[in-house]
Amino acid sequence: GDPTRRVLIAIANAAGVDFAWLATGEGAMQKTTPPGQLDPEILRLAIETVEEALLETGRGLTPARKAEMIAAVYELFRDGEGKIEKSAMVRLVKSAS
């Protein structure tokens with residue numbers, strides 16, 4: 001039979017596609033985050049990237065500087081629309097920290 005709504009939601013989240021597009025084939029394929037709203041997956045990736053770079057360098061940042069770094073990495077990942085490799089971003093953060 002057809003997949004359940006719960007299964008479709010899980011697939012859409014895992015694939016990073018819009019639920020309505022997956023279910024109906026209509027509309028935009030990519031998930032869109034409303035303006036001013038953070039995308040939790042991109043935020044997680046930005047935090048992981050900064051943490052990994054700081055761990056590898058053995059450096060620490062003040063909370064304010066760390067927040068600025070995470071925000072900058074978030075914007076780069078968001079604007080790159082999945083075309084930026086995490087490893088390249090780690091190298092960038094390491095050089096900037």
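**Exercise 1.** In which helix is the place of Lys66? Work out its exposure and contacts too.

*Solution.* This is a predicted model, where local features need pLDDT of at least 70, side-chain atom pairs count only at pLDDT 80 or more, and totals for chains, interfaces and linings use all residues. Residues are numbered from 1 along each chain as its sequence is written, and side-chain values use heavy atoms, without hydrogens and water.

- Step 1: Lys66 sits in helix α4, helices being DSSP runs (H or I, at least four residues) numbered from the N terminus.
- Step 2: With a relative accessible area of 24%, Lys66 is partly exposed (buried is under 20%, exposed over 50%, partly exposed in between, with a 1.4 Å probe and protein chains only).
- Step 3: Neighbours within four places in sequence aside, Lys66 contacts Val50, Glu51, Leu54 and Leu61 (contact means heavy atoms within 4.5 Å).

**Exercise 2.** Describe how α4 and α5 pack.

*Solution.*

- Step 1: Take α4 (residues 63-80) and α5 (residues 86-96); their axes are 12 Å apart, at an angle of about 150° (axes are lines fitted to C-alpha atoms over the stretch in contact, and angles run from 0 to 180 degrees between N-to-C directions).
- Step 2: The two helices are therefore roughly antiparallel (angles over 145 degrees count as such, under 35 as roughly parallel, 65 to 115 as roughly perpendicular and the rest as oblique).
- Step 3: List the contact: α4 brings Arg65, Met69, Val73, Leu76 and Phe77, while α5 brings Lys86, Met89, Leu92, Val93 and Ala96.
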